[in-house]
Amino acid sequence: MKPKVNNLCVVIPMKSPAKGKQRLSSNLPAEARESLSLSLFETTLQFFQQHFPELDVLVVSESLDVLRLAQDYQANSLFDDGERGLNGALRFACDWVKQSGYDGQLIIPSDIAMLEKSEIQALLTAGLEAQVVIAVAKDGGTNALFTSPPDAIEFEYGCHSAVAHQTNAQMQQLSCRSLHLTHLSLDIDQKEDLSLASRRQPERFQFWHKSLIASVKAVRYA
């Protein structure tokens, strides 16, 4: 049964696709990294439009092309110049969410390899009882973050951010839950992530996985 979540905004941060997937720069050519970033982002928009049409979505980005694409999927768009990094962009988005009257927000990265409806529902269900819910990434980062109110804690995305967010919640004496969800734990940052995504969904990631293999061979035999 779908949980009832009142007055929630889904926030999707998205940097310029030309700057995306920099940690894959030694494994994928620039055009492939850009197309991968855009494909993952658009799939995220499609997912929420199809499976959670009742939830409002806000995309924050430095790219006008990204914001125009967000509007094509009936998402709200917020321009950020990118100078303050991810945490700064999320603070800016959080101010918009709070001023717009939402009681809570769910931050979802734009590069999850596969979004699963039941996992998002698990997050929302946990948010009915906890003020902070963290979906832990495979490397200890944060791959989804529910907060109610939206600015309940300070954002500290980066290495081991799941522990940092949990600590911030505890310091604020807020109820907090950490979830380890199979698909939400996998964002695509490293070549190993792309290889795993390709094994799980070969038809979707075949192009980029082939580009990865080609680039590795080119380096090996250069």
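**View 1. Helix 4 lies across strands of the sheet in this predicted model.** Helix 4 (residues 117-126) lies across strand 1, strand 4, strand 5, strand 6 and strand 7, and runs at about 165 degrees to strand 7. Helices (H or I, at least four residues) and strands (E, at least two) are DSSP runs, numbered from the N terminus. Angles run from 0 to 180 degrees between N-to-C directions, with axes being lines fitted to C-alpha atoms, for helices over the stretch in contact. Residues are numbered from 1 along each chain as its sequence is written, and side-chain values use heavy atoms, with hydrogens and water left out. Because the model is predicted, local features need pLDDT of at least 70 and side-chain atom pairs count only at pLDDT 80 or more, whereas totals for chains, interfaces and linings use all residues.

**View 2. Seven strands form an open sheet with mixed pairing.** The strands follow the order 3-2-1-4-6-5-7, where two strands pair if DSSP finds at least two bridges between them. Strand 3 (76-79) and strand 7 stand at the edges with a single partner strand each, so one side of each is left without a neighbour in the sheet. On average, and with direction ignored, neighbouring strands of this sheet are turned by 20 degrees against each other. Helix 3 (residues 85-99) packs on the sheet, where it touches strand 1, strand 2 (56-61), strand 3 and strand 4, and its direction makes about 150 degrees with that of strand 1; contact means heavy atoms within 4.5 Å.

**View 3. Strand 4 (residues 104-107) is covered on both faces.** Gly104 and Leu106 on one side, and Gln105 and Ile107 on the other, are all buried, that is, under 20% relative accessible area, with exposed meaning over 50% and partly exposed in between (1.4 Å probe, protein chains only). In a regular strand the side chains alternate between the two faces of the sheet. Strand 4 pairs with strand 1 (residues 8-14) in the parallel sense over four bridges; leucine 8 stands opposite glycine 104, and valine 10 stands opposite leucine 106. Strand 4 and strand 6 run antiparallel and are joined by three bridges, with leucine 106 opposite phenylalanine 146.

**View 4. Helix 5 (residues 161-171) has buried residues on one side.** The buried residues are Ser161, Ala162, Ala164, His165, Asn168 and Ala169. They lie on the same side of helix 5 because they cover an arc of only 165 degrees around the axis, the arc being that of the directions from the helix axis to the C-beta atoms. Their cover includes strand 5 (132-136), strand 6 (142-147) and strand 7 (176-179), whereas Val163, Gln170 and Met171 are exposed on the other side of helix 5.

**View 5. Leucine 174 is found in the loop between helix 5 and strand 7.** Just after helix 5, glutamine 173 takes a positive phi of about 55 degrees. Leucine 174 counts as buried at 18% relative accessibility, and, not counting residues up to four places away in sequence, leucine 174 touches Gln131, Val132, Ala152, Ile153 and Ala169.

**View 6. The structure holds zero disulfides.** A disulfide is a pair of cysteine sulfur atoms within 2.5 Å. The sulfur of cysteine 94 is 10 Å from the closest cysteine sulfur, in cysteine 9, and is therefore too far for a bond; cysteine 94 is buried, with a relative accessible area of 3%. Cysteine 159 counts as exposed at 76% relative accessibility, and the sulfur of cysteine 159 is 19 Å from the closest cysteine sulfur, in cysteine 176, which is too far for a bond.
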